[in-house]
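Q: Please take a close look at one part of this chain: a charged side chain in a loop and its partners. Then set that part in its wider surroundings.

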Amino acid sequence: MNARPTQDAMQALVTGWVRPEVRALTAYHVPDASGLVKLDAMENPYSWPQELVREWLDVLASVPLNRYPDPHAAPLKDRLREAFALPADADILLGNGSDELIQLLLMAVAGPGRKVLAPEPTFSMYRMISTFVGLEFVGVPLRRDYSLDLAATLAAIREQQPAVVFLAYPNNPTGNLFSAADMAEIIAASPGVVVVDEAYSAFCDASFIGELGRWPNLLVLRTLSKLGLAGLRLGFLVGPHAWLHELDKIRLPYNINVLTQASAEFALRRFDVLAEQTARISADREDMHAQLAAMPGITPYASQANFILFKGPAGRAAQLFNAIKARGVLIKSMHGAHPALADCLRVTVGTADENAAFLSALRASLDA
Ligand SMILES: *Cc1c(COP(=O)(O)O)cnc(C)c1O
């Protein structure tokens, strides 16, 4: 009988086979929120009215769990077209969250010397997924006010010739919308594809959906997560057939499960309920921004999303984060994620009660 392998032998084996860029990564960390007011992940805080939950459960009761999902989910795509007024001549590709679509696109273009570019700070998955599929990630710093540095971005595009450029619109974690005119110049100057990531479209009026077809290299990425269905994991990429047709080949055939398909179709038929919730969140965001702006030592940034980035007194981000948490509210410290985010924290807009709990925890923590 073999002796059990030692830890050292095991580690040598793993080190020998797992690519160095993967070993150098830190797994995406999701903090434990049990017992806390959860304002860290841009979730919609509202549930559905009882009568709607009952109707939804009736729908789920008839879903055949013994069968594989519809691989093309055509009825769901029709609902998405309708709900989001997607252009009739644009294709749709569904993903298990928009994260999966980012991964699909990057797997399709990955190869020696290939690069991905995005302004930074931005959504951390662009860099993380680029790295683990073997692409080089190039971050171009945003200006001090988190607007695009157009000249630097165009110069980097010329020099690096990126296969993919990501523009989060509004940007996460800064919350602002980039200039649409600057974005148009970036799209026109990009040799590869440009993904406009509209994860927060429910909280602003701006979108590039109407620009689809104007350039051959524009794709728009959306998700139902921030809208109020984060648990379902449904993202969609919209754009020219030529691109999505290729990406569809590397999509695993049953990536959208039967419960997600049925639930998303149901929810989109009652889009009014979600729209009412997101309108309330946008209004409450303005209240929260005003209250933050009135606090000594706190500088909130203007946001077009369902969260607010704010700067606290120098050197206190970790202490504030912990003190707010000790008072029962979980937000996110962005300090250390990027030099431009020094002393910054990010809070998701929750219900009126949750927002009040956060603001009083912050007030008390500042005095502590
Ligand atoms: C949250 C977020 C996503 C991820 O959305 P999922 O559909 O839940 O995977 C994508 N892009 C940005 C900018 C985000 O903030």
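A: What follows starts at one loop residue and works outward to other parts of the chain. Keep in mind that the model is predicted.

The residue to look at is aspartate 40. Aspartate 40 sits in the loop that runs between β1 (37–38) and α3 (50–61). Is aspartate 40 buried or exposed? Aspartate 40 counts as buried because its relative accessible area is 7%, and the cut-off for buried is under 20%.

Now look at its polar partner. The side chains of aspartate 40 and lysine 38 make a polar contact of 2.9 Å. The charges extend to a third residue. Lys38, Asp40 and Glu43 are linked in a network of salt bridges.

Which residues touch aspartate 40 once neighbours within four places in sequence are left aside? They are Pro31, Leu330, Ile331, Lys332, Arg346 and Thr348. Several of these positions lead into the next region. Leu330 falls within the range of β11 (329–330). Lys332 falls within that of β12 (332–333). Arg346 and Thr348 fall within that of β13 (344–348).

Those strands also meet a helix. The buried residues of α13 pack against β11, β12 and β13, and also against α14 (352–367). Helix α13 covers residues 317–326. Its buried residues are Ala317, Leu320, Phe321, Ala323 and Ile324. Glycine 328 follows α13, and its phi is positive, near 95°.

Compare other charged pairs. The chain has 14 salt bridges in total. One of them joins glutamate 82 and arginine 79, with N to O at 3.1 Å. Why are these two about one helical turn apart? They are about one turn apart because they lie three residues apart in helix α4 (residues 74–84). Glutamate 82 is exposed, at 55% relative accessible area. Arginine 79 is partly exposed, at 22%.

A second pair sits in helix α12 (residues 271–293). Here arginine 280 and glutamate 276 form a salt bridge of 3.0 Å, N to O. These two residues are four apart, so about one helical turn separates them. Arginine 280 is partly exposed, with 36% relative accessibility. Glutamate 276 is also partly exposed, at 45%.

Arginine 270 and aspartate 272 make another bridge, with their closest N and O atoms 3.4 Å apart. Arginine 270 is partly exposed, at 26%. Aspartate 272 is partly exposed as well, at 47%.

Go back to buried polar residues. Threonine 223 lies in strand β7 (residues 218–223). It is buried, with a relative accessible area of 8%. A polar atom of the threonine 223 side chain lies 3.0 Å from the backbone nitrogen of serine 225. A polar atom of that side chain is also 3.4 Å from the backbone oxygen of leucine 234. Leaving aside neighbours within four places in sequence, threonine 223 contacts Ser98, Ala199, Leu234, Gly235 and Phe236.

Serine 190 is another case. It is placed in the loop between α8 (180–189) and β6 (193–197). Serine 190 is buried, at 9% relative accessible area. Beyond its neighbours within four places, serine 190 contacts Ile157, Val165 and Asn217. Serine 190 and leucine 218 are 28 residues apart in sequence, with their C-alpha atoms 9.8 Å apart.

Now the nonpolar side. In soluble globular proteins, nonpolar side chains tend to be buried together. In this chain the largest nonpolar core has 56 residues. Which members touch the most others? They are Leu80, Leu94, Phe208, Leu224 and Phe236. A second, separate core holds 28 residues, including Ala118, Tyr126, Leu237 and Leu244.

Phenylalanine 208 shows the setting in the largest core. Apart from neighbours within four places in sequence, phenylalanine 208 contacts nine-residue company that includes Tyr169, Ala180, Met183 and Ile187. Also among its contacts are Val196, Glu198, Trp215, Leu218 and Val220.

Last, the surface. Met10, Val14 and Val18 make a nonpolar surface patch of about 200 Å². Valine 14 lies in helix α1 (residues 7–17). Valine 14 is partly exposed, with a relative accessible area of 35%.

Note on methods:
Residues numbered from 1 in each chain as written. Predicted model: local features only at pLDDT ≥ 70, side-chain atom pairs only at ≥ 80, totals over all residues. Heavy atoms only, no water. Patch = residues over 30% accessible without salt bridge, like charges linked within 9 Å, V, L, I, M, F, W, Y side chains within 5 Å. Areas by Shrake-Rupley, 256 points an atom, 1.4 Å probe, with all protein chains shown as cover. Salt bridge = Lys/Arg side-chain N within 4 Å of Asp/Glu carboxyl O. Buried < 20%, exposed > 50% of the residue type's maximum accessible area, 1.4 Å probe, protein only. Core = buried A, V, L, I, M, F, W, Y, C linked by side-chain atoms within 4.5 Å. Contact = heavy atoms within 4.5 Å. Polar contact = N/O pair within 3.5 Å; in protein donor to acceptor, adjacent residues only side chain to side chain.
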